[in-house]
Amino acid sequence: MSIPTDIDRCFASTYAEARQKFLAAADAAGLDVHSHPHPLVGRDGEALAMDVARAGPADAASLLIVSSACHGIEGYCGSGVQNALLADGAFARRAAESGVAVLYIHALNPWGFSFNRRTTHENVDLNRNWHDFSRPLPENPGYDELARFIVPDTWPPSAEAQAALTAYADRHGERALQTAISGGQYNHPQGIFYGGRNPTWSQQTLRHVLAEHATRCSRLGWIDLHTGLGPSGHGERIFACRNDAAALARARAWWGDAVTSIYDGSSSSSPLVGLMWSVADEACAQAEYTGIALEYGTVPLGEMLESLRGAQWLENHPELGDTPQRHEIERRMRAAFYTETPAWKQRIVEQGVEAAWQAVQGLATAPDR
């Protein structure tokens with residue numbers, strides 16, 4: 001395992017810079033990039049795309065996916081990890097020798113990455129958007145009850161709005177409040193953690209990528225890179241499969257006993273609906289699937305949720321214009337999902353590279369090899 005000596009060069013300060021660095025890193029690694037253009041332009045008028053680079057043959061029996069920016073703004077972290085892996089020649093050799101192809105998907109949600117938003121351009125949380133939309137969508141009565149207080153009419157929130165959230169936690173518990181807010185909701189399109197009423201561009205595009213790259217393997221691993229939950233700099237390895245004991249045992253064999261799960265309450269994440277990884281079982285049903293969300297901590301949970309509430313209020317009030325309040329909300333949003341210090345970046349890369357090496361080892365030692 002090799003970590004770049006100049007960690008900072010793996011990271012970027014804008015989406016456009018991150019994309020340029022990813023394309024350059026893929027080129028330096030001798031990989032072709034297939035770009036899926038987004039229909040809109042970015043915050044600075046730049047082109048947006050979901051960029052895909054593959055190392056390894058199309059018919060490899062084992063495939064590892066490393067993806068970034070499911071929640072756009074979290075791409076600052078994920079892109080840095082991907083660039084570090086692309087620069088790790090020893091990792092590339094180990095994967096090739098093990099018969100493991102590696103698929104890098106840069107910026108699942110490029111619009112959110114560019115605009116420093118967690119959501120897609122449809123204001124949808126991509127990790128709540130995976131449903132059969134011809135069927136009834138999940139209900140979230142807790143969010144319905146609290147919606148006008150979670151994203152209030154005024155910002156900062158009134159004492160009444162804060163008291164309503166506190167009262168809910170007093171009645172049901174802090175964990176229940178977290179679940180009500182973040183678990184996913186489908187009735188409030190101008191709220192947070194909104195799962196949408198239709199498939200997003202990002203969902204449809206990722207399905208195309210998986211159809212091209214992940215329908216011939218017999219073993220599939222996936223590391224999806226996230227930020228925003230847990231202690232600063234710590235990468236929680238959250239089980240990202242259906243509630244299956246054999247899959248959980250594989251995940252812990254690959255990534256260690258510290259792998260947590262939303263199913264048993266051991267994760268810092270609440271139970272969620274509409275999760276992206278569910279597409280692996282659906283679109284890649286031929287493969288034995290094992291995955292994690294690698295969730296890096298930034299700021300305390302309450303601060304993270306307040307940044308999201310403020311950012312959504314700002315989105316709902318475009319008339320605010322270029323004001324100090326806008327800049328402060330945007331600053332807090334970025335800080336909640338990207339800690340721009342050398343020490344944090346170092347820890348992020350070390351844990352991300354380690355997880356990728358462990359995944360290759362797990363895929364390489366599958367029973368039929």
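In this predicted model, strand 2 and strand 4 (residues 100-106) run antiparallel and are joined by 5 bridges. Within that pairing, V52 has I105 in strand 4 as its bridge partner. Strand 2 also pairs with strand 1 (residues 33-41), again in the antiparallel sense, over 6 bridges. Here H36 is matched with M50 of strand 2. The hairpin formed by strand 1 and strand 2 has 5 residues between the strands, and G45 takes a positive phi near 80° in this hairpin. Strand 2, which spans residues 47-55, is mostly covered, with 7 of its 9 residues buried.

**Internal cavities**

A search of the whole structure finds 2 cavities of 30 Å³ or more. The table sets out their volumes and the element that gives the most residues to each lining.

| Cavity | Volume | Main contributor to the lining |
|---|---|---|
| Largest | about 410 Å³ | Strand 5, 6 residues |
| Second largest | about 80 Å³ | Helix 11, 3 residues |

The lining of the largest cavity comprises 34 residues, and N127, H226, S269, L272 and E295 lie nearest the centre of this cavity. Two or more lining residues come from each of helix 7 (174-182), strand 5 (219-232), strand 6 (235-239), strand 7 (288-297) and helix 11 (301-315). By residue class, the lining of the largest cavity divides into 20 nonpolar, 9 polar and 5 charged residues.

The second largest cavity is lined by R117, R118, T119, D125, I192, F193, L308, A311, Q312 and M333. This lining consists of 5 nonpolar, 2 polar and 3 charged residues. Helix 11 therefore takes part in both linings: two or more of its residues line the largest cavity, and 3 line the second largest.**Cysteines**

The search for disulfides across the whole structure finds 0. C10 is in no disulfide, and the nearest cysteine sulfur, that of C77, is 11 Å away. The relative accessibility of C10 is 3%, so this residue counts as buried. C284 is likewise in no disulfide; the sulfur of C217, the nearest from another cysteine, is 6.2 Å away. With a relative accessibility of 1%, C284 also counts as buried. A disulfide requires a pair of cysteine sulfur atoms within 2.5 Å, and the distances for C10 and C284 are 11 Å and 6.2 Å respectively.

Terms used
Residues are numbered from 1 along each chain as its sequence is written. This is a predicted model: local features need pLDDT of at least 70, side-chain atom pairs count only at pLDDT 80 or more; totals for chains, interfaces and linings use all residues. Side-chain values use heavy atoms; hydrogens and water are left out. Buried means under 20% relative accessible area, exposed over 50%, partly exposed in between (1.4 Å probe, protein chains only). On a 1 Å grid over the protein atoms alone, a cavity is a set of points where a 1.4 Å probe fits but cannot get out, and a pocket is an open set with protein on both sides within 12 Å along at least five of seven lines; lining residues have an atom within 4 Å of a point. Grid points are joined across faces, edges and corners, and a volume is the space filled by probe spheres set on the points. Helices (H or I, at least four residues) and strands (E, at least two) are DSSP runs, numbered from the N terminus. Ala, Val, Leu, Ile, Met, Phe, Trp, Tyr, Cys and Pro count as nonpolar, Asp, Glu, Lys and Arg as charged, and the others, Gly among them, as polar. Two strands pair if DSSP finds at least two bridges between them.
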